[in-house]
Amino acid sequence: MIKNLLDYQQKDKRRLGIIHTVEHGPVKREINSATIILNDSRQSLLDLENDAKNLQNGYNSTSKTLQDLLNKVSGLSKSTPKDEAEIQSTTAQIRELLAKIETVEAQLESIAKNISAKSELFEKQKNAVVKAQTTIKNLTPQYEAQLGKIKPDVAKIEVELDAIARTIDKVLLEKYKNKRKADKNGTADIVVPVSHGRCGGCNFEMPLSLTHKIATDGYIICEECGKIIYKD
């Protein structure tokens, strides 16, 4: 049973190796990078657009406040005080309004700078989106051609894998496939020999009871790395 699984693993690794040359090749890597940039830039554009709307609303509201203050100053300037006390009161109100106007003008200037900065970022992100879209559009046909080229070889190996799979215990094969899916390296051995009482995958030192279990059952699952260990 293990012999058949080892044969399965060998062909499976060859299949994965062929696929790996395309899926992790320079063309696909560039497409993946462009896709990440595209997704990030699109989200940035949405965020910048929302920021711009909020800033514009703040600008409009602050502009109205400024206009109201200017109107009040104009009204007070045109009024005719009756006496010295009223003159002083009007002067004090005008000074207070002018101070508020100065603060509001500073706020408007700050908002305007923020809007300008957001606009520059928006243009940069928009250019990044266009560039990423162009990269993906230009490279996708090349990537698809590479997939087409390896398709016959992959299909042939998959037929061979199906034939071997019928000779392997379903539970054992399922353990292999599940571990393969979780394998970050993609083409690492899932079925490994025991070596001097240690797992041939992670070098985990097994208790004597597990060593005996390999001899009895033909294999065990490593408690440390989850690989299938067999006696060589």
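1. Accessible areas are taken here from the Shrake-Rupley method with a 1.4 Å probe. On that basis the chain, which is a predicted model, exposes an accessible surface of about 15,200 Å², and 52% of this surface belongs to carbon and sulfur atoms. Buried residues make up 28% of the 232 residues in the chain.

2. The chain holds 5 helices and 4 strands, and their order along the sequence is α-α-α-α-β-β-α-β-β. The radius of gyration is 36 Å, well over the 17 Å that the globule rule gives for 232 residues, so the chain is more spread out than a compact globule. Along its principal axes, the C-alpha trace spans about 115 × 50 × 25 Å.

3. Among the contacts with a separation of 6 or more, 71% are accounted for by residues 24 or more positions apart.

4. The largest nonpolar core comprises 16 residues, and those with the most contacts inside it are Leu5, Tyr8, Ile168, Leu172, Tyr176 and Ile228. Two or more residues each are given to this core by helix 1 (2-23), helix 3 (84-165), helix 4 (170-182) and strand 4 (228-230), with helix 3 providing the largest share, 4 residues.

5. Tyr8 merits a separate look: once its neighbours within four places in sequence are left aside, Tyr8 is in contact with Leu161, Ile164, Ala165, Ile168, Leu173, Tyr176 and Lys177. Apart from the core described above lies another, of 10 residues, including Cys199, Leu210, Ile214 and Cys225.

6. As for charge, the chain carries 36 positive and 32 negative charges, whose mean positions are 6 Å apart.

Technical notes: Residues numbered from 1 in each chain as written. Predicted model: local features only at pLDDT ≥ 70, side-chain atom pairs only at ≥ 80, totals over all residues. Heavy atoms only, no water. Rg over C-alpha atoms; globule rule 2.2 N^0.38 Å. Buried < 20%, exposed > 50% of the residue type's maximum accessible area, 1.4 Å probe, protein only. Contact = heavy atoms within 4.5 Å. Lys, Arg positive; Asp, Glu negative; His and termini not counted. Charge placed at Lys NZ, Arg CZ, Asp CG, Glu CD. Core = buried A, V, L, I, M, F, W, Y, C linked by side-chain atoms within 4.5 Å.
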